[in-house]
Amino acid sequence: MRVFASLLKNANPKIEYYSRFSPSPLSIKQFLDFGRNNACEKTSYMFLRKELPVRLANTMREVNLLPDKLLGQPSVRLVQKWYMQSFVELLDYENRKAEDPRALNDFLELLIEIRNRHDDVVPTMAQGVIEYKEKFGFDPFISSNIQYFLDRFYTNRISFRMLINQHTLLFGNDTNPAHPKHIGSIDPNCSVAEVVSDAYDTAKMLCEKYYLAAPELKIEEFNMKAPKKPIQAVYVPSHLFHMLFELFKNSMRATVELHENSKEGLPPVKAKVTLGKEDLSVKISDSGGGVPLRKIDRLFNYMYSTAPTPSLEPGAVPLAGFGYGLPISRLYARYFQGDLKLYSMEGVGTDAVIYLKALSSESFERLPVFNKSAWRHYKTSPEADDWSNPSKEPRDATPCIRCEKKGF
């Protein structure tokens, strides 16, 4: 703890300095063009040695606006320590020139170390939220702030890993031989239907393991730009897989639990992939009974998970039990200006739609910025609701005597 305090004291001026800069969002096209045409390690180094501290500093300033009781939880303090250590280590390259014969290789190794250090940030921060909730209960205003923060914090982490992965895949030795045409983590000709099938197969294995059965998949494609041709996109397949795997898991579980004793068997899960002028959309439809409208928003709320506290032991399934699958998946969709939405009919089933940008030039990173607007979000007291709320108690419907006398 003393080491952390010392790091914090020495790094605070630098954190404040770098947090004055806004992150520089890149588009998928920019990532692709750099990696394909003129991938220069020195250029990447010069950009990342400034951009990574900026992104870290922005989120580290925001962490400090969380309630003290949440910041005091052991898991949250551990995450803070990881971020502080990574920030301090990156500062070593602040003025180290690219011409230094060892700088590029040392920097590459550091990025791999940082990426590994931050592997468990999501479940560890989730554990901190659980620790807080168990000790202090649920407060709507604090919950709103935590929701706002975690959306921004996890988006920042997605972007941080994206930058690191691009650099290490382009200039390191961890290139995936199974995907030689990938530019870093980006597939210039990503077959969306193939990613859908891969995600389904993985979710199906899990479903069959737990339920001994799984619904079949039906895929349909509609290509408005080139009718009857398979739909391809310039995208990060791992991001798309993450979203689809989560949606298939939810659809399969709901379908099996509702129809496991049905004589007709399990209805299929349907996937429809469409490409228009602006949007590339993937819809996953199930007949799993749906979700009441009242509960839809809760599915994206980090504080509403009712699952038992999961194990953080090595080898545990990531995010298992935290209820973070859907909110994190929506962040992946929104990261490059897309979205993920649920449309449910209680008693029937649910349609989940992933929206992505059809053009890589429009797929810019959506990044959180620490500024006065963000600061005010944490400091402003909740305002009174200006819409009527139904009372929990039944309303007294006895006719008003005064109204009756007046003839109303």
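A residue counts as buried when its relative accessible area is under 20%. Keep that cut-off in mind. The model here is predicted.

Start with Phe149. Its relative accessibility is 2%, so Phe149 counts as buried. Phe153 comes out at 1%, and therefore Phe153 is buried as well. Both residues sit in helix 8, four residues apart, which means about one helical turn separates them.

Now look at the rings. The structure holds 18 aromatic pairs. One pair joins Tyr17 and Phe21. Their ring centres lie 5.3 Å apart and their planes meet at 75°, so this pair is edge-to-face. Are these two residues buried or partly exposed? Tyr17 has 37% relative accessibility, so Tyr17 counts as partly exposed. Phe21 has 39%, so Phe21 is also partly exposed. Phe149 and Phe153 make an aromatic pair too, and that pair is stacked. Its centres are 5.2 Å apart, with 25° between the planes.

The rings of Phe149 and Phe153 belong to a cluster. Ring pairs link them with Tyr83, Tyr154, Tyr302 and Tyr324.

Tyr154 leads on to the core. Nonpolar side chains tend to be buried together in soluble globular proteins. In this model, the largest nonpolar core has 102 residues. Which of them touch the most other members? They are Tyr154, Leu244 and Phe248. Helix 8, residues 140-171, gives this core its largest share, with 10 residues.

Take Leu244 next. Set aside its neighbours within four places in sequence. Leu244 is then in contact with Val195, Val196 and Ala199. Leu244 also contacts Val282, Ile284 and Ile354.

Some rings have a charged residue over the face. Lys14 lies over the face of Tyr17, 5.8 Å from the ring centre. Tyr17 is the residue that also pairs with Phe21. Arg330 lies over the face of Phe300, at 4.1 Å from the ring centre.

Finish with the cysteines. A disulfide is a covalent bond between the sulfur atoms of two cysteines. How many disulfides does the structure hold? The count is zero. Two cysteines are still worth finding. Cys40 has a relative accessible area of 31%, so Cys40 is partly exposed. Cys207 has a relative accessible area of 6%, so Cys207 is buried.

How values were computed. Residues are numbered from 1 along each chain as its sequence is written. This is a predicted model: local features need pLDDT of at least 70, side-chain atom pairs count only at pLDDT 80 or more; totals for chains, interfaces and linings use all residues. Side-chain values use heavy atoms; hydrogens and water are left out. A nonpolar core is a set of buried Ala, Val, Leu, Ile, Met, Phe, Trp, Tyr and Cys residues joined through side-chain atoms within 4.5 Å. Buried means under 20% relative accessible area, exposed over 50%, partly exposed in between (1.4 Å probe, protein chains only). Helices (H or I, at least four residues) and strands (E, at least two) are DSSP runs, numbered from the N terminus. Contact means heavy atoms within 4.5 Å. A disulfide is a pair of cysteine sulfur atoms within 2.5 Å. Rings of Phe, Tyr and Trp (its six-membered ring) pair if their centres lie within 6.5 Å; planes under 30 degrees apart count as stacked, over 60 as edge-to-face and the rest as tilted. A charge sits over a ring if NZ of Lys or CZ of Arg is within 6 Å of the ring centre and within 35 degrees of the ring normal.
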